[in-house]
Amino acid sequence: MCGIVAYYGHQNGISISLKGLKRLEYRGYDSAGLAFLENNQINIIKNKGKIKDLIGLINGEQANIVISHTRWATHGQPNHINAHPHFSMDHSIAIVHNGIIENHADLKKELTEKYNYKFQSETDSEVIAHLIQFFYQGNFEEAFRKMLSKIEGAFGIVALHKKHNELICARKGSPLVLGLGENEYFIASDPSPFLDHTKNVIYLEEKQMAIISENHYEVKDFNGLNLDVEMEEIPFGIEAIQKQGFKHFMLKEINEQPNTIRDCFTGKLRNIEGIGIKLKTNIQRVVLVACGTSYHAALIGKYIIEKKSNIPVIVEHASEFRYRKPMLFPSDLVMAISQSGETADTLEAIRLAKKIGCNVAGIVNVTGSSIAKECGQGIYLHAGPEIGVASTKAFTSQVVALNLLNLFLNKNPYYQYEIAEELRKLPKIVEEFLKNEKVKEIAKKYFFAKHFLFLGRDINFPVALEGSLKLKEISYIPAEGYPAGEMKHGPIALIDSETPSIFILTKDEVYEKVISNMHEVKSRQGKIICICDHVNEEIEQLADDIIFVPKVIWELSPIINTIPLQLLAYYTADLNNREIDQPRNLAKSVTVE
Ligand code: M6R
């Protein structure tokens, strides 16, 4: 959940690291810091707050070897002491860490009680620095490896020793990527911090470490054996991680959707058998595991696959799935859905399914991510980097990918052809819709509301869930997503003349039913905003505001219906002056359980 940037080279690593940390701020932003080597001494500058606060503390310092960190607190409050980097007791070593050291309490007890070590912070991470000091007898790498053999949990770690012109890093469960420039090296949680320096990267695999020294790098396993690793080239440029004139990344990403939708299906429609999933067995069932927005996409997948391909689909919150006894069978196709590819619970769910021998695949955006690697097969979204914490373009691409999965499972060539044609038309339709200013107008009318309801039935129920999640996470306005037909079993008590209810309806078999639910709200003086592809007189009378969306086939309707909800959340949050790209308490990539 935290972001790491480290630099070794001939340029000023402090300014490079600070710029890099800004690009990783989506991973956490409650405190930040850096450590650098100068005349065989390590200096640390760190503070509570965002990177801009850290930049304010830099007084012209320059260094060629730097480690840095932006934090999302797990153990210990977001304050100066708990901010990374952490020193070893004798200040010879500094470390930055992303992940959780599960046995930190036992290790700390042993170091303090038996060896009189003194800890400064409340973090689980500090123990890493002390352990390296404990094992150090002149060989930094050896001490680092001994430390690795003691710690349990998830980590991406980078360490610096005052007597060694080296950076040593290791990965287990939290991503780390090496950037290979011209006589300079970078280590980061993702490639964005160094994209303007190099596109050549090595993604560290699980239980790999790297040692970087002047003009040299080595990748090893945790036993110290040298490994042959392949360099890859990042397929996108610096523009993919810049706002490009948009006020926020979220707005940029909403507007990228015509392209991201197209990029998800391009090259896959002609040969749906080749989408990237090989089944070991005939499958009896699909199990989709995911969290947050990706979970909502999975629910949409369930409606589509069950209705159109007659295959039972179970959708699971990955965090719940892991801790009960999931009934899995080798004939299941278990699919992880994840934008980041790093969500800890989703990753563990896939590991569990693999142990049981299920067919396993992923729908993932970030190439080379832990979930993508663990699944080993599946559909990449190719939506490009998603930086706004609120997921938008990844969601609509996930719905496209789930449609591709449905076509793969369906096998009917006529159906496959029909959906392929509709998919091809979709980017243009989305592009036209995005020119619509209506949602902005509606946001101006309701942005002060204290509470919102999002209501839909059938495939629009998960759309309602997604609309409410989007609104609450960036505007902090309480919002409830509910099946419209269930409202009278409880949430109807919330309706009053101040509460806007957003109905999402499509001209399908539940259209009339949803209109009846609108009556239930109207007769209690509730305000109604209606998102629909077909307006009749009844709706015109019932709704206070209507957002008309273009007609697309049922399977693709969640895409066109979600976009106005993304925009509504965005404008409502903006009118409330929220920090849209970095909402409070959240982080983009949830690599802790
Ligand atoms: O990277 P993932 O898709 O696995 O992330 C899952 C959730 O953490 C994520 O969708 C989260 O709910 C977003 N903030 C929603 O906008």
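How many bridges join β11 to strand β14 (residues 232-233)? Two, and the strands run antiparallel. Keep in mind that this is a predicted model. The legends below take you through a set of close-ups.

**View 1. β11 sits between its partners β9 and β14.** On one side, β11 (residues 200-203) pairs with β9 (residues 177-180) in the antiparallel sense, over three bridges. Look for Val-177, which stands opposite Tyr-203 in β11. Turn to the β14 partner and you'll find Asn-200 bridged to Glu-233. As a bit of background, strands of a sheet pair through backbone hydrogen bonds, either parallel or antiparallel.

**View 2. An open sheet is built from eight strands.** Follow the strands across in the order β3-β2-β4-β1-β10-β9-β11-β14, with antiparallel pairing. The edges are β3 (41-48) and β14, and each has a single partner strand, so one side of each is left without a neighbour in the sheet. Further in, β1 (residues 3-8) and β4 (residues 65-71) run antiparallel and are joined by six bridges. A handy pair to pick out here is Ala-6 with its bridge partner in β4, Ile-67. While you're looking, remember that in a regular strand the side chains alternate between the two faces of the sheet.

**View 3. Another open sheet has six strands.** This one goes β5-β6-β7-β8-β12-β13, and the pairing is antiparallel. Which strands stand at the edges? They are β5 and β13 (216-221); each has a single partner strand, so one side of each has no neighbour in the sheet. Zoom in on β13 and its partner β12 (residues 208-213), and there are six bridges between these antiparallel strands. One of the residues to find is Ile-212, whose bridge partner in β13 is Tyr-217.

**View 4. Two loops hold backbone details worth a look.** Most residues other than glycine have a negative phi, and most peptide bonds are trans. In the loop between β2 (31-38) and β3 you'll meet Asn-39. Its phi is near 50°, a positive value in a residue other than glycine. Pro-85 lies in the loop between β4 and β5 (86-87). The peptide bond from His-84 to Pro-85 is cis, with omega near 0°.

**View 5. Domain 2 meets domain 3.** The protein chain is divided into domain 1 (3-239), domain 2 (243-434) and domain 3 (436-579). Taken over C-alpha atoms, the centres of domain 2 and domain 3 are 25 Å apart. Where the two touch, 36 residues of domain 2 are in contact with 33 residues of domain 3. Between them they bury about 3000 Å², 73% of it on carbon and sulfur atoms. In domain 2, the residues that lose the most area to domain 3 are His-296, Tyr-303 and Phe-433, together 24% of what that side buries.

**View 6. Polar contacts and salt bridges link domain 2 and domain 3.** There are three salt bridges between the two domains. Check out Lys-307, which forms a salt bridge with Glu-509, their closest N and O atoms being 3.6 Å apart. The count of residue pairs in polar contact between domain 2 and domain 3 is 12. On the side of domain 2 that touches domain 3, the elements giving two or more residues are α6 (249-255), α7 (257-265), α8 (292-309), α12 (393-410) and α13 (413-433). The largest share, 10 residues, comes from α13. By class, this side of domain 2 has 21 nonpolar, nine polar and six charged residues.

Definitions and conventions: Residues numbered from 1 in each chain as written. Predicted model: local features only at pLDDT ≥ 70, side-chain atom pairs only at ≥ 80, totals over all residues. Heavy atoms only, no water. Pairing = 2+ DSSP bridges. Helix = DSSP H or I, 4+ residues; strand = E, 2+ residues; numbered from the N terminus. Domains from an automatic or database assignment. Contact = heavy atoms within 4.5 Å. Buried area = accessible area lost by both parts, 1.4 Å probe. Salt bridge = Lys/Arg side-chain N within 4 Å of Asp/Glu carboxyl O. Polar contact = N/O pair within 3.5 Å; in protein donor to acceptor, adjacent residues only side chain to side chain. Nonpolar A, V, L, I, M, F, W, Y, C, P; charged D, E, K, R; others polar.
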